[in-house]
Amino acid sequence: MPQISHAYAVARVRTAQKALLSRAALERLMACESGGVLLRALNELGWGEAGDVDALAQRALNEACAFVRAVTPDANATDCFLAKYDVLNLKTLVKARALRMEDVPLSPNGTLSVQVLRTALEGEKYEALPEAYRAALEEIARECALAMDPLLCDALLDRALFREIARRLTSVREKEIHACFAARADSANVRSALRARSLGRDAAFASRLFVPGGLLPPSELAPLVEAPERAKALVKDMPYAPFALRGLAIYEKGGSLAAFEKQMDDYETSLMRAHRYEPVSLLPLVGYFVAREHDVATVRLIAAAVSARFAPERYADFVREPYVLRG
């Protein structure tokens with residue numbers, strides 16, 4: 001059962017956050033010249049042993065999710081951060097059903113048990129699922145009756161995820177958590193509009209991909225498909241503007257949207273780091289979890305970069321700002 005004490009959770013986080021990657025640790029990982037060297041470095045940094053980097057990263061993520069579930073004093077709030085793993089599982093199950101695949105692996109990190117999800121999808125009976133997920137699965141069944149459209153499936157379930165998060169947020173008091181998910185929604189929507197452009201699709205197509213819960217209205221996001229240069233003006237007055245503008249500047253110079261996504265993740269880090277030492281608060285736990293997720297994403301990206309022999313200067317586009325600046 002979740003602990004009821006914020007102070008208890010903070011005390012546990014004080015120990016757990018020692019495993020987070022510092023700037024010095026990230027610099028060491030970025031200096032690795034092969035996958036084997038990277039594995040050894042991660043082992044020496046306390047990530048343990050495994051046959052490959054992805055296995056290490058997945059174990060670190062699983063442990064972080066289990067830790068949050070074990071110590072949270074407010075499961076409704078922290079489940080907002082875990083719900084995406086439920087939706088990841090739903091996407092996997094819907095596509096597996098269309099391809100007649102059985103026993104596909106699922107993430108253990110969501111708020112709903114894997115067995116509940118399997119049973120719901122196998123029997124096409126969704127009563128045990130949140131209303132937003134039920135509605136999305138029913139719409140997928142109608143829209144994809146003749147042929148599975150993976151992009152539409154993902155879009156409908158992503159929108160359902162943000163509707164479910166919005167429902168939970170109505171009883172969450174920490175404004176930083178609200179700000180985090182508003183920024184996540186805006187980041188997803190800006191990226192959807194710009195990716196639609198790269199795919200040669202129109203504003204109507206992009207609008208179907210937009211998720212709710214952001215600060216930017218869809219009516220202003222859709223025109224980015226035809227005029228991506230408007231993105232800077234659109235975000236310039238938002239709370240995350242300094243970060244978004246840096247990412248968009250890299251994109252305008254021919255960089256990928258990974259730089260924009262990285263900058264928006266850095267905004268989350270800045271939000272949470274400011275509350276790292278609060279003695280009686282949910283935010284140190286949330287900050288730890290966000291940081292650990294970013295660590296896992298960064299380690300996976302570094303592994304891919306090492307394999308592809310990326311030039312060292314390219315790391316700046318995707319390596320997240322550490323939550324722990326020294327150590």
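This passage describes cysteines, aromatic rings and one glutamate in a predicted model.

The cysteines come first. A disulfide is a covalent bond between the sulfur atoms of two cysteines. A search of the whole structure finds 0 of these bonds. Cysteine 180 shows why one such bond is missing. The closest cysteine sulfur to that of cysteine 180 belongs to cysteine 80, and the two atoms are 9.6 Å apart. A disulfide needs sulfur atoms within 2.5 Å, so the distance of 9.6 Å is too far for a bond. Cysteine 180 has a relative accessibility of 0% and therefore counts as buried. Cysteine 32 is buried as well, at 9% relative accessibility. Both values fall in the buried class because that class covers residues under 20%.

Aromatic rings form the next topic. A pair of aromatic rings is described by the distance of the centres and the angle of the planes. The structure contains 5 aromatic pairs. One of them joins tyrosine 240 and tyrosine 267. Their ring centres lie 5.8 Å apart, and their planes meet at 70°. An angle over 60 degrees counts as edge-to-face, so this pair is edge-to-face. Tyrosine 240 sits in the loop between α12 (231-235) and α13 (241-252). Tyrosine 267 belongs to helix α14 (residues 257-273). The pair therefore ties together parts that are 27 residues apart in sequence. Tyrosine 240 is buried, with a relative accessible area of 2%. Tyrosine 267 is also buried, at 5% relative accessibility. These two tyrosines share one aromatic cluster with Phe243.

Two arginines lie over aromatic rings. The charged end of arginine 201 is placed over the ring of phenylalanine 205, at 3.9 Å from the ring centre. Arginine 292 lies over the face of tryptophan 47. Here the distance to the ring centre is 4.6 Å.

The last residue is glutamate 176. Glutamate 176 is found in helix α9 (residues 175-198). Its relative accessibility is 9%, so glutamate 176 counts as buried. Which side chain joins that of glutamate 176 in a polar contact of 3.2 Å? The partner is lysine 175. Glutamate 176 also touches residues beyond its neighbours within four places in sequence. These contacts are Leu271, Met272, His275 and Leu283. Of these, Leu271 falls within the residue range of helix α14 (residues 257-273).

How values were computed:
Residues numbered from 1 in each chain as written. Predicted model: local features only at pLDDT ≥ 70, side-chain atom pairs only at ≥ 80, totals over all residues. Heavy atoms only, no water. Buried < 20%, exposed > 50% of the residue type's maximum accessible area, 1.4 Å probe, protein only. Phe/Tyr/Trp six-rings, centres within 6.5 Å; stacked < 30°, edge-to-face > 60°. Helix = DSSP H or I, 4+ residues; strand = E, 2+ residues; numbered from the N terminus. Lys NZ or Arg CZ within 6 Å of the ring centre and 35° of its normal. Polar contact = N/O pair within 3.5 Å; in protein donor to acceptor, adjacent residues only side chain to side chain. Contact = heavy atoms within 4.5 Å.
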